[in-house]
Amino acid sequence: MKFADLHLHTRHSDGTFTPEELVAYAAHHGLSAIALTDHDTVEGCAAAARACEAVGIQFITGTELTAEYEDTEVHLLGYFLDTVNERLLAEITKFQTVRQQRIYEMVARINEMGVPLQVESVFALANCQSPGRPHVARALVKAGLIRNLDEAFDRFLKKGRGAWVPKARMSALDSIELIHQAGGLAVMAHPGLNRTDEIIPGLVAAGLDGIECFHTKHSTAMSERYLMLADQHHLLVTGGSDCHGYSKAKPLIGTVKLPYEHVERLQAAVNARRAAATAATSVTV
Ligand code: AMP
Ligand code: ZN
Ligand code: FE
Ligand code: FE
C-alpha cells in the first residue's frame, strides 16, 4: 500500500524541521507523497520539491490559511498552488506582516504580566516570515522563564489568556477564491478539532473541494463521520499528521497515513480544473 501525509509544517512557519529534514523523515517512513502546509506561506515549497525529487517522493505545494465563516474560525488548506501566483503572494505577505506585529503585542502583554521575555529572542528563534504562538512559547522555555510549552499556552497564549492576541482572518469565501485563482484545491482542515460541522454546507456552496478526514487529533469515529460527510457533499478526502517537528513530543509525520488513491483523486480534480480553464481561455481568445 502507498500512503501520503498532506499536512506538514517546517521552519518556514511554526515547525522545527527544515524542508530537507522533513523530506528525510518522509522517506524514512516510506511515504509516497507529501504536501507542505506552512501557515500563511509557500516559501518552503521549492526546497521541499527539490528534496522530494531527489528521493522519489511526490510533492504537492500547499499552505494553511486561517479564515472565518460567520464568526467561526476555520483553517483552510490550499493544495497544488502556483507558488508564484501574484495575488496569493500579496495576500499571504499581508498575513505575515500581521503575524510579526502580533508577536510584539503578545510579548508586550507577557512583559506586563511580569515576565521579562525579549521580543528579539522570539524573532531570532522564529527566523521566518510567518511567526506564531509556538515561537513565543519556545522562546519562553529557552530563556528559562517557564518550564515547558504547555505552561506557555496555559498561562499566556491560549485563547482568552492574558497574552492571547487574535490573528487576522480572511473570510473563508475569499480564501477559497484565493486558492482557486492560484490553481489550487481548497480543503477544510481538521474539522473535528473545531467541531464546526454546521458551516460545511456554506463552504461547499462557496466551492470547497475537500475535507481533511484523517488528522492526528481525529478519533476513528470522527474520521468515519467526515468520510461520510465527504461522500454526502461530493468532497475530496485528505489527511495528514499536522507534524510540527520536535515540539511537545516525537515528530508526528507518518503517523497519519492517507491511502494514496486519495492523492490520485486530488490530482485528477486539479487536472480537470486546469483543462477546463484552458478550454475556456481558448474559446474566448
Ligand atoms: P498561531 O498560528 O500563532 O495562532 O499558532 C497556532 C499554532 O499553535 C497551532 O498550529 C499549534 O501548532 C500551536 N498550538 C495551539 N494551541 C496550542 C496548545 N494549547 N499547546 C501547544 N501548541 C498549541
Ligand atoms: Zn502550526
Ligand atoms: Fe490548523
Ligand atoms: Fe497545521
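Over the ring of which residue does the charged end of Arg 225 sit? In this predicted model, the ring is that of Tyr 226, and the charged end of Arg 225 sits 6.0 Å from the ring centre. A second contact of this kind involves Lys 2, whose charged end is placed over the ring of Tyr 260 at 4.2 Å from its centre.

Aromatic side chains also pair with one another, and the structure contains 3 aromatic pairs. One of them joins Phe 17 and Tyr 246 in an edge-to-face arrangement, with 6.0 Å from centre to centre and 90° between the planes. Phe 17 belongs to the loop between strand 1 (3-5) and helix 1 (19-28), and Tyr 246 to the loop between strand 9 (236-240) and strand 10 (258-259); the pair therefore ties together parts that are 229 residues apart in sequence. Phe 17 has a relative accessibility of 5% and so counts as buried, the limit being under 20%. Tyr 104 and Phe 123 form a pair with ring centres 5.1 Å apart; because their planes lie at 50°, the pair is classed as tilted. Since Tyr 104 is located in helix 3 (residues 86-112) and Phe 123 in helix 4 (residues 119-126), this pair ties together parts that are 19 residues apart in sequence. Phe 123 is partly exposed, because its relative accessibility is 23%. In addition, ring pairs connect Phe 17, Tyr 25 and Tyr 246 in a cluster.

Enclosed space is represented by 1 cavity of 30 Å³ or more. The largest cavity holds about 40 Å³ of space, and its lining consists of Asp 40, Thr 66, Phe 95, Val 98, Arg 99, Lys 167 and Ala 168. Helix 3 makes the greatest contribution to this lining, with 3 residues. Sorted by class, the residues around the largest cavity comprise 3 nonpolar, 1 polar and 3 charged.

The largest pocket encloses about 1200 Å³ of space. It is lined by 39 residues, of which Arg 133, Phe 153, Leu 193, Lys 217 and His 244 are the closest to its centre. At least two residues of the pocket lining come from each of strand 5 (72-79), helix 3, helix 5 (133-142), helix 6 (149-157) and helix 8 (191-194). Helix 5 provides the largest share, 3 residues. In terms of residue class, the lining of the largest pocket is made up of 11 nonpolar, 13 polar and 15 charged residues.

Note on methods: Residues are numbered from 1 along each chain as its sequence is written. Chains are lettered from A and ligands numbered from 1 in the order in which they are written. This is a predicted model: local features need pLDDT of at least 70, side-chain atom pairs count only at pLDDT 80 or more; totals for chains, interfaces and linings use all residues. Side-chain values use heavy atoms; hydrogens and water are left out. Rings of Phe, Tyr and Trp (its six-membered ring) pair if their centres lie within 6.5 Å; planes under 30 degrees apart count as stacked, over 60 as edge-to-face and the rest as tilted. Helices (H or I, at least four residues) and strands (E, at least two) are DSSP runs, numbered from the N terminus. Buried means under 20% relative accessible area, exposed over 50%, partly exposed in between (1.4 Å probe, protein chains only). A charge sits over a ring if NZ of Lys or CZ of Arg is within 6 Å of the ring centre and within 35 degrees of the ring normal. On a 1 Å grid over the protein atoms alone, a cavity is a set of points where a 1.4 Å probe fits but cannot get out, and a pocket is an open set with protein on both sides within 12 Å along at least five of seven lines; lining residues have an atom within 4 Å of a point. Grid points are joined across faces, edges and corners, and a volume is the space filled by probe spheres set on the points. Ala, Val, Leu, Ile, Met, Phe, Trp, Tyr, Cys and Pro count as nonpolar, Asp, Glu, Lys and Arg as charged, and the others, Gly among them, as polar.
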